[in-house]
Amino acid sequence: MYSPPAGGELTDLDYKDLGLKVGLEIHQRLNSHKLFCECPSIMREDEPDSWIKRKLGISYSELGAVDPAAKFESLRRRMFLYGVYYDNTCEVEADESPPYPLNEDALEIALTIALMLKMKPIDEIHVMRKIVVDGSNTTGFQRTALVAIGGKESCIETNWGFVRMATLCLEEESAYIVESRPEIAKYRLDRLGIPLVELATKPDIWHPDQAKEAALKLGRMLRATGRVQRGLGTIRQDINVSIRDGARQEIKGVQDLDLIPEIVRREVQRQITLIKIKDSLISRGIKEEYLRTPIVDVTNALADSKSHLVRKALARGDKVYGMRVVGFSGILGSEIQLGRRFGTELSDYAKVFGGVKGILHGDELPNYGIDEDHVRRVRSELSCEEGDSFILVMGKRKPVELAFGSIRERLKYALKRVPNETRRALLDGNTSFMRPIPGSARMYPETDVLPVKTVPILRRIKYLPPAPEQIVEKLVERYNLTEDLAWELFDEDKVALFERISKYNVPTRFLASMLISVIRSLKRDEEPIEKLKEDNFIEIAKLLGEGRLAKEAVPEVLRAIAKGEYTSAEYYVKDHQISMEKLDSIIKEILIRKSEIIRERGERSFGMIMGEVMKEVRGKIDGAIVSRRVKRKLEEFLQAS
Ligand SMILES: [Zn+2]
């Protein structure tokens, strides 16, 4: 069995050895109206205009097979509430009217992306229904269409090798989840139907950092079209990760690229540990039938416990149920990811399937106010022997039974293999269980939407947008920018604005850093930078070019405009400019104040005086003008004395 080096740090060689395979699925919203209606693709922050209530009735007859994910969701009989807005949702989103024909503008964008990646477009687009039973689509399915497939040439190059493209699909975005409880789920329909491309790579990625590089490159390629949505939530990555002897996990909803390597590393760690746990259980001689132990009401054993957890549960009318886990002592408490234990995995299952708050297990007790004496009583109620552990779940009988049922299934897997799961990315790079990975019987044809031939749409695409690398290379050559700065302009979507303001007579590197680092530092200070409009930057560049605004003042001007203190840079300049007379009097005052040192050091005191003057005039007048003036006044002063 493979064992990672001490400290858990894996080397490149280790990843090769482990057979790490990573594939990406990038979901990017397109800048077009919705896919199957004319509603604008705009997300809202305010309360919906009204709510509609639904229960999803899903018929499996047309599927022929019962999908494990579908079966799992049907365990949870839930009510669904959908928030509608009068200006960006209609009967289509509410599933009260059949879909309109496929949005051809969105299809054109998808085909453009396919061609940029040298993928092979499909001749005729057939919309399919993909079953989703979590209520995120009012119809019970998501509409999706395969647009292009990867060929020999469709790959991107990374520092760790080539990554091939697998498929490109055009899909409708799901509804936005507002609230989720076991009995009810609330969604907003503004997001439902926004067109998005799903770009999937083959599992060619074998290194955690390569996954980030590939995601970054593909994201840039999508943005180079200029026809995708920007901002929070408009692009997200799903990461498929497996190692040899492990199992493919579908990790959902990664928004921060920097987190990707950490997620992959921790998933590798998790699978390595789960394999080790399996081996250790086998060597202990644990068998599946040992996991058939009964669920026992142990409320009485804990009735006089001082634990807040227990007392609160009992006050709610809940009971405490326990299950003996034969031979698992020490396993439930073993760490499988930094800060997550095997018990945490079981707890995830209990929460998802039973809707309970979580579990307590023998390896973490005594704790949470449950003392040794009470642990002994529980163990005795459950007939635990040495080497056994146990699990406690608090709640009502029915949800607790569902929770234990899922825990038992998960424990059985521990003896066999790593289960395939859909997991949610957490902010620290860990993941938690969401649901079983869906089976393959999920798709069937959407008969309400006619197929669309791609040839006429491909003819409309007269030229392809330049690749991101070409755009950046041009910026470096034409404007003498560093490559890093040029990439930042590209990534921040500032290339067009930069090119517009670069015609004013201002050093281009300064302009680029105004758009990047100055804005970044204002953002750090939590200034409302969204108030800064392109016109503000154009005006500032013009004032700089005319020598009417000092470079040093630019951060303050932008801050003042963002704060709403000024509506234009021109007004700021008028208020803050100082006259030459005023400058001269400031210099004179400093020359007198520091006269002793100046006489001693002579011309070498220039820097010191300059510093003193700038302290008072920074941002109000160009530094170059100040420098000339100080030089002259210093000469005059030295000659006179
Ligand atoms: Zn609509």
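Trainee: Which residues of helix H13 are buried?

Mentor: This is a predicted model, so every statement here concerns a prediction. As a general idea, in soluble globular proteins nonpolar side chains tend to be buried together. In this structure, helix H13 covers residues 483-491, and Leu485, Ala486, Trp487 and Leu489 are its buried residues.

Trainee: What covers the buried residues of H13?

Mentor: The cover includes three helices: H12 (468-479), H14 (495-501) and H15 (508-524). After H13 comes Asp493, which has a positive phi, near 65°.

Trainee: Where does Pro555 lie, and why is Pro555 classed as it is?

Mentor: Pro555 belongs to helix H17, residues 554-563. The class rests on a count of neighbours: 20 or more other C-beta atoms within 10 Å make a residue buried, and 12 or fewer make it exposed. Pro555 has 18 within that distance, so it is partly exposed.

Trainee: Which residues is Pro555 in contact with, beyond its neighbours within four places in sequence?

Mentor: Those residues are Val518 and Ser521. As for Lys533, it stands 22 residues from Pro555 along the chain, and the two C-alpha atoms are 15 Å apart.

Trainee: How do the side chains point along strand E6?

Mentor: They alternate between two faces. In E6 (residues 127-131), Val127, Arg129 and Ile131 are on one face and are buried, whereas Met128 and Lys130 point to the other face and are not buried.

Trainee: How many bridges join E6 to strand E7, and how many join E6 to strand E23?

Mentor: Five bridges link E6 with E7 (residues 141-149), and this pair runs antiparallel. Val127 has Ala145 as its bridge partner in E7. With E23 (residues 443-445), E6 shares three bridges, again in an antiparallel arrangement. There, Met128 is opposite Pro445.

Trainee: In what order do the strands of the open sheet with E15 come?

Mentor: The order is E15-E16-E20-E19, four strands with antiparallel pairing. To read the edges, look for strands that pair on one side only: these are E15 (295-297) and E19 (360-361). E15 is joined to E16 (residues 319-325) by three bridges, and Val296 faces Gly322 in E16.

Trainee: Which residues have the most contacts inside the largest nonpolar core?

Mentor: That core has 58 residues, and the ones with the most contacts inside it are Ala110, Ala114, Val147, Leu168, Val197, Ala211 and Ile239. Apart from neighbours within four places in sequence, Ala110 is in contact with Val147, Leu168, Leu170 and Val197. There is also a second, separate core of 45 residues, with Leu346, Met394, Ala403 and Phe404 among them.

Trainee: Where do the domains begin and end?

Mentor: The domain assignment gives 12-248 for domain 1, 282-421 for domain 2, 468-576 for domain 3 and 580-640 for domain 4. To read how two domains meet, take their centres and then their contacts. The C-alpha centres of domains 1 and 2 are 36 Å apart, and five residues of domain 1 are in contact with seven of domain 2. On the domain 1 side, three of the touching residues are nonpolar, one is polar and one is charged.

Trainee: What are the overall figures for the protein, starting with helices and strands?

Mentor: The secondary structure has 22 helices and 24 strands. The C-alpha trace spans about 105 × 70 × 55 Å along its principal axes. Of the 641 residues, 38% are buried. Among contacts with a separation of 6 or more, 74% are between residues 24 or more positions apart.

Key
Residues numbered from 1 in each chain as written. Predicted model: local features only at pLDDT ≥ 70, side-chain atom pairs only at ≥ 80, totals over all residues. Core = buried A, V, L, I, M, F, W, Y, C linked by C-beta atoms within 7 Å. Domains from an automatic or database assignment. Nonpolar A, V, L, I, M, F, W, Y, C, P; charged D, E, K, R; others polar. Pairing = 2+ DSSP bridges.
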